[in-house]
Every structure is written in structure tokens, then in C-alpha cells.
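Student: I would like a close look at a single part of this model, one helix and what surrounds it. Please take me through it in one connected account.

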Amino acid sequence: MRHLIFTLFIFFNLQSFAAFEDHFENKSLRIDYYHSGNDTSEIYTIDELIEEPYWGGSKVNLIDKFDYGKYKFEVYDLKSGKLVYSRGYSSLFAEWQTTREAGTTWKSFQESIVFPFPKKNVKVEFYSRDKKNKWGKRFEYIVDPDDIFIKKETHKDYDNFKIHFSGDPATHLDIVIIPDGYTKKQMKKFRKDSERFKDILLGSEPFSENTSKINIWCVKAYSRESGPDEPGKNIWKNTLVNTNFYTFGSERYLTTKTYKQVRNIAAYAPYDQIYILVNTEKYGGGGIYNFYSVCSSDNAKSDFVFIHEFGHAFAGLGDEYYTSDVAVEDFYPLDVEPWEPNLTTLVEFETKWKDKLSTTTPVPTPVNDNFKNTIGVYEGGGYKAKGVFRPFIDCTMKSAKYNNFCPVCKSAIQEMIEFYSE
Ligand SMILES: [Zn+2]
């Protein structure tokens, strides 16, 4: 029996590989587009298609199984109609739509999707969630891989270097670190900082048990000036990917709108996840699911921030805190189950960590010593003290404590590591 299971497993894997070779080449296609709109409307407009040299993703797990993110795209073989690739993601535009400003004006944001380069014509469908978190198709685009306008320029401006290497990018989680606000003279500092954050990431659970499934790459690309923009202090710097504090008016929220350039720099290495390391002592960061993580390099709390933001960007984890000011408003409507695996409104709790709950644990679970280190349903999370619930009293997604992910967040991260390393 064991032999049979083993044979079936091998067969299944060969089948999946065959699917990759049938449909894709071992490089990437990037579709850059603009996501424009206001608080209630959105449109997609294509910018350009770009061929990139590496495919850093899995060749087995081509179809997304998580259903996380505000958006997703699906790639269909045009002739057979077969779904050949899909991925969920979120973006800065999605967050902007929940700010007050989005009620008064329209804006455009750069976004892009990346998938293995197709061998035959494919149809790409773009979906976003409505207010009830249900998917709706918003746009579709046919890609002809022989289209003469797919950009094939080769860029050799920068080198990459590895700071942690375990093996073939197809069977490992690949993280690429991009420096922002590091000048040419500060490239040594960038290497040292990256090494330090590598130790921070690989030293925290559950990454510490998975170091052999992870590669970490860096792109040696420098900025004209040192440090990021601080619009609230009238500080403006000419940097590689143009990061700034004060995103949507929140001083500590460190992001960039120049997403095209982020993707251009990331393409110098095979990658699944982009991490932008920003050369500053100021406290801050940001993390958006399958979009990017951003963290400042030299703040006393940077070890916690680095991991916390990666929790958002890599595993789709939501914020479990509810006491700090944030720029977004009513991010989690109470009559809708959030898609984040570590938050619930109890609308569809069975899709979350209900199976991990002991039958003796009350719902909601009181915060006291009896329930210390117990998976429960604790009220407060997702920027709301009432109506949104978290799985544990404390967690790296709740408070500024390094190496403190709760069991529900840990298992979400573990599943994601395995998805990328199969
Ligand atoms: Zn957690």
C-alpha cells in the first residue's frame, strides 16, 4: 500500500511538471497595468508586457489554493479553456480605496502580475472582491506570446548576490531584497543590513524550522541619495524605488507608489516575494499580500517590523491590533468574513481556525490567565475593538514583539512555505 501511495505521488508530480512544460517556458511574463478609480469604482488599463529572464515560482503549484487577497488573476489556455495558472494578491490601490480621499477624487496606481511565460495564446482574467468579499471579473486580456511588442530588453545594470541559498528556485521560497536609499558608497552597509535581517527572519518561528526551503537574494542597486522621502517633514530624496513615509497620512506607513520600478529591480533575481529594505533609523514599514514588504533598516524595533510586514505580504495575515491609528477606515465590515486567515467576524468562522479550538474554550474567549497560550476567539483585531476577533491573546501581528507569531499565524506561514517549496 505504501508503495502504491508513493507511486501515485510520483505520478502526480510528473503530471504537474508535464503541465508546466506543456504550457510555459522557464522565464516570466509580466503584465504592467494601471488600477484606477475612486472609493466605489475601479478600472484596469494595460501599460505594457515584459519578458523577464527568471521564473522563481513553483512548477508544481500553479493554481492558487489559498483564496487570499483583494484581487486575483487567472490564466486560461485560450484553445482548451483550461485554467493553467492563478494567484491572489492585494495592492496599495485597494487600501487607498478605503481612505477618505478616495471619496473625493480618482487616482491611478501602478500594479503588475507575473506568471510563467506562456507557450501558446492565453486569456488572463482579472478579478476583485466586492463589498461582500465575493469575486467578480473586472477585466480580461488575451496574450499572444509571439506579440512583437512584448518587451525583451535585457538589463545588466545591476548584479544580484545570495545571502542564503538552499537550492533550485522552483522548489524553494525565493525572497529578493531591494535596497532603497542606499548610495553607491553604502552598498557594503546594504550587504551587512541584509545579512542581519536574514538572521532575524531565519531565527524566528516558523521560518527557523524551514531554513532549507528558503533562498534569499539581494540586488546590488544603489540610490543617488541616502534615506527615503518624508513628505510630512518636507524631506525629499532621489532614490531607487522612491519609498516614502506618511502613506495615506500615516507617518509610520512606509511604501512606494513606483511599483513598476520595484518590479524592474526585483527581476534581477528569481523571486516569489519582494522585500524593500529602506536605509533609515525612522520607525516604519508596510506589507501587502503578494505585492511587497517594506521595512526601515536601523530602528530599534526593526526586527519585529521586518517579520510583521512579511507576515502580511507572504502569508496574507491581517493586523491583530486595534488600538493604534491607521489611515484606512472600516477596513473590515462586520457582516463580512475577512479573507485573512488570522481574523474572523464569526460570519464564516468554520473557514478559519474553528477546528483548532478546544470544545471547552468559550466564544468569545476572555483575556485572562486561564486562557494564556490557548487558541481562542479573542475580541479585538483588524483595527476594531468590537466585532473582529483574533486567535490568540498576543501575536507578532498584534504587538511589537519579535518571534511571537501565534499558532494560527504560524500554521498559515508554514502552509505558504510548503506551497512555494514543492
Ligand atoms: Zn497571529
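Tutor: Take helix H5: at 1.5 Å a residue, its 14 residues should span 20 Å, and the C-alpha atoms at its two ends lie 19 Å apart, so the expected and computed lengths agree. The model is a predicted one. H5 runs over residues 302-315, and it is mostly covered, with 14 of its 14 residues buried. Just past the helix, Gly 316 adopts a positive phi of about 65°.

On the other side of H5, the loop that joins E13 to H5 holds Ala 300. Ala 300 counts as exposed because it has 9 C-beta neighbours inside 10 Å, where 12 or fewer is the limit for that class. Between the C-alpha atoms of Ala 300 and Glu 52 there are 37 Å, and the two residues are 248 apart along the chain.

The burial of H5 can be set beside the nonpolar core. In soluble globular proteins, nonpolar side chains tend to be buried together. The largest nonpolar core here comprises 74 residues, and Val 176, Ile 178 and Ile 276 have the most contacts inside it. H5 gives the most to this core, contributing 8 residues. Ile 276, leaving aside residues up to four places away in sequence, touches Ile 178, Asp 180, Val 241, Thr 243, Thr 256, Val 262, Tyr 292, Ser 293 and Val 294. A second core, of 19 residues, is separate and includes Phe 20, Phe 24, Ile 50 and Leu 62.

The strand before the loop, E13, leads to the sheet. E13 (residues 292-296) pairs with E11 (residues 273-278) in the parallel sense, over 4 bridges. One residue of E11, Leu 277, has Cys 295 in E13 as its bridge partner. Both strands belong to an open sheet of 6 strands with mixed pairing, in the order E8-E10-E9-E11-E13-E12. E8 (159-164) and E12 (285-288) stand at the edges with a single partner strand each, so one side of each has no neighbour in the sheet. On average, neighbouring strands of the sheet are turned by 25° against each other, direction ignored. Another helix, H3 (residues 187-202), packs on this sheet and touches E8, E9 (173-180), E10 (214-220) and E11. The direction of H3 makes about 35° with that of E8.

Key. Residues are numbered from 1 along each chain as its sequence is written. This is a predicted model: local features need pLDDT of at least 70, side-chain atom pairs count only at pLDDT 80 or more; totals for chains, interfaces and linings use all residues. Two strands pair if DSSP finds at least two bridges between them. Axes are lines fitted to C-alpha atoms, for helices over the stretch in contact, and angles run from 0 to 180 degrees between N-to-C directions. Two residues are in contact if their C-beta atoms, placed from the backbone, lie within 7 Å. A nonpolar core is a set of buried Ala, Val, Leu, Ile, Met, Phe, Trp, Tyr and Cys residues joined through C-beta atoms within 7 Å. A residue is buried if 20 or more other C-beta atoms lie within 10 Å of its own, exposed if 12 or fewer, and partly exposed in between; C-beta atoms are placed from the backbone. The expected span of a helix is 1.5 Å times one less than its number of residues.
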